[in-house]
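Let's take a relaxed walk through a model made of several chains. Have the sequence and the picture ready, and look up each part as it comes along.

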Amino acid sequence: MSVIVDYYNYWIVVFLMMAGFYVVISANNLVKKVVGLNIFQTSVFMLYISMGKVSGGTAPIIIEGVTQYSNPLPHVLILTAIVVGVATTAVGLSLVIRIKHAYGTVEENEFQNEDDAI
Amino acid sequence: MTEVLIDLVLLGMLAMTALRVIFLKDLFAVVMLFSIFSFVSALIFINLDAVDVAFTEAAVGAGISTVLMLGTIALTGRTEKKNSHSSILHLVVVCVTGAALIYGTMDMPPFGNADNPIHQHVAPRYIEDSPKEVGLPNIVTSVLASYRGFDTLGETVVVFAAMIGVLSLLGTARPTNKRATPESGLAKHRVLHVVAKIIIPFIILFALYVQFHGDYGPGGGFQAGVIAAAALILYALVFGASFAHRIVSPRQLEVFAPLGVLLYASVGLVGMIKGANFLDYNVLASTAAAGQHYGIIIIELGVGLTVFAAMLGLFYAFSNQVERSNVQ
Amino acid sequence: MSILDYFSAILLAGGVFFSFTGAIGLFRFPDFFTRVHAASVTDTIGVILIIAGLLLQTSFDLNIIKLLLILAILLLTSPTASHALAKSARHGGLLTLAESNRSNDR
Amino acid sequence: MLEQHLPALAILLPLIAAPIVFILGRSTVVWLLATFTGAWASIVAFQLLLTTLAEGAIHYSLGGWSAPWGIELTVDALNAFVLLAVTGVSTMVLVYSKESIAKEIDKAKHGFYYTAYLLAMAGLSGILITGDAFNLFVFLEISSLATYTLVSLASDRRCLTAAFRYLIMGTIGATFILIGVGLLYMKTGTLNMLDLAERIAAFDRSRTINTGLAFIVVGVSIKLALFPLHRWLPPAYTYAPSAVSSFLASTATKVAVYVLIRFIFTIFGPDYVFYDMGMDMVFMFLAIVAIFKCSYMAAVQNNVKTILAFSSVAQVGYMVLGISLVTTTGLMAGLIHIFNHALMKSALFMAVGAVFYRVGSVEVHAFKGMGKQMPFTMAAFTIAGLSIIGVPLTAGFVSKWYLVSAALQQNLWVIAVLILLGSLLAIVYIGRIVEAAYFHDVPEGRDASKLKEAPLLMLIPMWVMVLANLYFGIDTSLTTEAVGHASEWLFQSTELLEVAQ
Amino acid sequence: MTGVLTATCIAILVVMAMALARALKAPTVYDRILGVNMFGTKTVLFIAVVGYMTGRPDFLDIAIVYALISFIGMVAVLRFFEYTAPIE
């Protein structure tokens, strides 16, 4: 029982990661791939934030009368990672738009047939 | 106990949403669900005490990313065609990866336990000493801007790099597009026009509040930049991009974004000239506390400027593509 | 609990009640336009009541302004969004139940 | 005054130059500024290498915060050595870029090219000298984003799909690294590499650490295009502009190999990775397969850039093979090959770019008769090709020599023979091109009088690289001293050293 | 009082779950948008109530951001899909 209480959060987060990962590698449509990538990354962020939680703690902004704060470091790391995520998304999506212009399709199997793949 | 209950319900919602995304073929629905996914994960972040992260995730994940995705599917079409190749191999890869992670969890420190190593080694100094060493109540801002300021410089550069990538791919939007008329906005929605006019000044005011209140509450340069960009994005959506270009032109954005990076870096260089290490704020003023304070204010400004310019620049580039395809 | 707390509790309960009815309406009403009706009207009253309930909990500080700002934003945006959505749906060719019945009869 | 700031300068020079270049736009000034920055960064790297060889590792606390709390830059012989290779080659490619991109990239995009190039350089330098595991991820993403941009700048539409595939694979790799670092952080509570190493050593077999290791290794393997995760690399290098292929082939995968070495040797410790987890066998197997499969693939291609791209994957195999031997000599072989391969691959891609500049095609038949028309370019190509094969008096020979002797030290005769067989395959794919260049005439219908030698600004950097190939093939004192220091230091803390010798 | 707030909070969660159900499985695309919109509004209220429940109401800023962003998202949907959205 204690195993479940200790780890339920991590397990669900792992499930979410894998759902996102599956979308990335299996989707045929490039936009959907990018969405999957975002879900994958957001779930990894949740893994980090879960580590930083202290039961009974509160947000790491100092106020009087509170001594137990959650760990601020994962928050800092994930702030950076979120920005990295949106940057990748933006570049990925603009590549998708250019691919649509160049090939007339954003389905992976269709433009692979057009060019001889290496 | 309530925390745990809320956590479970929200995680359940996320799981449902993620599962649905796998099977939906309508990309429009997929993007809508992604925005819900982002919102709910931000709620989880709040519930796990990461208010700054929630702030950013809501503004970036649910805001900017969703808008960009919507713009993309407006150009590329809304439905995914049937998946032709078998996905058993993919499923196996995912299962193996997931199994590895589950195997890894079996030995993790328990969730939420205050005795975990992560709460023992580096973090206590941040919590106990940062109010004295840096002088801000918001520990996240202290760590972000001072202890790990180099990461944040990197983060700013990442945003700048994304802008470079998007502009080189999609071309820079030029305001001389004569065919863009007020018609290109949501011209028929008069109610939207009125409401947008009322609300946009508040958004900009709020962005300024977030910029300067980040030392005391959730927020900071990054979030403020995104919110300010969101105000102009709203303006561009409702009235048409050519009107937004008159307020802040794409060319100005191409100067603002690199300037923000340079502003950030120059704070570090001043520290170097004064004989300390790069990004050491202590030497910026006569006392260490004042130096930290000035340093953080300036770098937050740099971050805000770059993020504002980059986010708005990204949106301009995307919406320029959409408008061009509508004209044709 | 003080008298203010009782009032607050009543307001919150009212807000929750209306939110529920709206959510149920989202499922139970027959066509899209009635569903918009159910959702947006109850949304607005629910927001007003719940924020009012919270306002009674607040001591006199910045939070009052923030709550009022939230209220103002939601009161402006939520009906606007519903309105624009209904308008688009109409424009996109969606019919009300009565209309689709009529066209079926003909 | 600048001496104490050398580590920071190595990252900051390109990092600060990039936004300035972007503001200035697209003129010759930009090219001069970028090249100047590159040259300065190379000098900094050289000074760093000399300092570390003389005085040992340098630690630089950013923001004045001491190590586990703040971010620290750590420079030792290992990363200073790789940094020198990366900055030096990047600078030469920058010189080469001016003429090359004038032909291959739309004029309006030249500003983007130089900005993205400098950002990629800053990112790679950051990966190399940071001492913080999360900071490494941030710089990895800077360099990756800039790289996707660079690849997508070409005019061939296939560069877009190549860049997209690269982006998806690269981001998956980076996210895996992020997961791995997160798991380590969870168990130890620190992100500083040296601190992590100390704390990981204190654990006796933890499942979380094992999983962290697995995720980091897989993530880095994607980045370094280790077989079978190499599928993104050949299209990316084939369809990118020639200057970009030259830059990426000689720097990006090399830095990824460095990251692998850093994680295995400094953070996890070779005892744990190789003894407890048995990773050396996995690496050795994959490396051998990579060498043969990809050399074969290179031999059957018709596009010369694809040939060189597959050859790059095969050469990464040699580097990983060196690491997997788990001896100081093996590691030295891997490290020397990082340096030497950067020299030869950049020269080869530059030569191909020069042919493209004149002929407009990179198919093998486009090289026919080029030995007469472009003698200097083809001579450079041939010498660099000999270096890939591993002919004596070239740099490639030195790496092969160390690799074979490391295998023989361990009595792995089979491996030594396989390495030599791999070189035979290299003769095949390099030989085809050289044969086309020297033993065929210019095909009918192509006006031979127009096919003259490449411009001087392309020849000079190309020949600098070729001469470096020859120099480091003859005088190996600098390279061996640096890698000797590095690998001894990396094996310092392990009992394996005694076992091996 | 915390009891009342907790109850409110859970009730709002249930409403959110219902709106989510509508967004996951909707008869028309407009119903989906409606569900998402309702979800957004309720989320704002949820954050506000949780702030009071945990005794740190200064995080209302996040609720404001939510309200703004969900409005902008809605406008973006209309802008990009106004007359292109076919009925499912």
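Start with chain C, which has a radius of gyration of 18 Å, whereas a compact globule of 106 residues would be near 13 Å. The radius of gyration here is taken over C-alpha atoms, and the globule rule is 2.2 Å times the number of residues to the power 0.38. A quick word on ground rules: this is a predicted model, where local features need pLDDT of at least 70 and side-chain atom pairs count only at pLDDT 80 or more, while totals for chains, interfaces and linings use all residues. Residues are numbered from 1 along each chain as its sequence is written, and chains are lettered from A and ligands numbered from 1 in the order in which they are written.

**Two chains, side by side**

Chain C has four helices and zero strands, so to speak a plain α-α-α-α when you read along the sequence. Helices (H or I, at least four residues) and strands (E, at least two) are DSSP runs, numbered from the N terminus. Chain B also goes without strands: zero of them, next to 12 helices.

Here are the two chains in one small table. Two terms come up in it. A residue is buried if 20 or more other C-beta atoms lie within 10 Å of its own, exposed if 12 or fewer, and partly exposed in between, with C-beta atoms placed from the backbone. Two residues are in contact if their C-beta atoms, placed from the backbone, lie within 7 Å.

| Chain | C-alpha box along the principal axes | Buried residues |
|---|---|---|
| Chain C | roughly 65 × 25 × 10 Å | 41% of 106 residues |
| Chain B | roughly 60 × 50 × 35 Å | 62% of 328 residues |

What about contacts between distant parts of the sequence? In chain C, among contacts between residues at least 6 apart, 64% join residues at least 24 apart. In chain B, residues 24 or more positions apart account for 71% of the contacts with a separation of 6 or more.

**Who touches whom?**

Which chains share the most contacts, of the seven pairs of chains in contact? That would be chains A and B. On this interface, 84 residues of chain B are in contact with 67 residues of chain A. The elements of chain B that give two or more residues to this side include α4 (88-105), α7 (149-170) and α12 (288-327). The most comes from α3(B), with 15 residues. By class, the side of chain B that touches chain A has 53 nonpolar, 22 polar and nine charged residues. For these classes, Ala, Val, Leu, Ile, Met, Phe, Trp, Tyr, Cys and Pro count as nonpolar, Asp, Glu, Lys and Arg as charged, and the others, Gly among them, as polar.

Chain B also meets chain E: 43 residues of chain B are in contact with 34 residues of chain E. Among the helices that each supply at least two residues of this side are α1 (2-23), α3 (51-76) and α8 (190-213) of chain B. Once more α3(B) gives the most, here with 12 residues. This side of chain B divides into 34 nonpolar, eight polar and one charged.

Some pairs stay apart. Chain C and chain D do not touch, and their nearest C-alpha atoms are 34 Å apart. Chain D and chain E do not touch either, with 24 Å between their nearest C-alpha atoms.

**Two helix pairs**

Two packed helices are described by the angle between their axes and the distance between the axes. Axes are lines fitted to C-alpha atoms, for helices over the stretch in contact, and angles run from 0 to 180 degrees between N-to-C directions.

Inside chain D, the axes of α10 (residues 242-268) and α14 (residues 328-359) come within 7 Å and cross at roughly 165°. Therefore α10(D) is roughly antiparallel to α14(D).

Between chains, the axes of α7(B) and α5 (residues 133-151) of chain D come within 9 Å and cross at roughly 15°. So α7(B) is roughly parallel to α5(D). Angles under 35 degrees count as roughly parallel, over 145 as roughly antiparallel, 65 to 115 as roughly perpendicular and the rest as oblique. The contact of α7(B) with α5(D) divides into 13 nonpolar, five polar and three charged residues.
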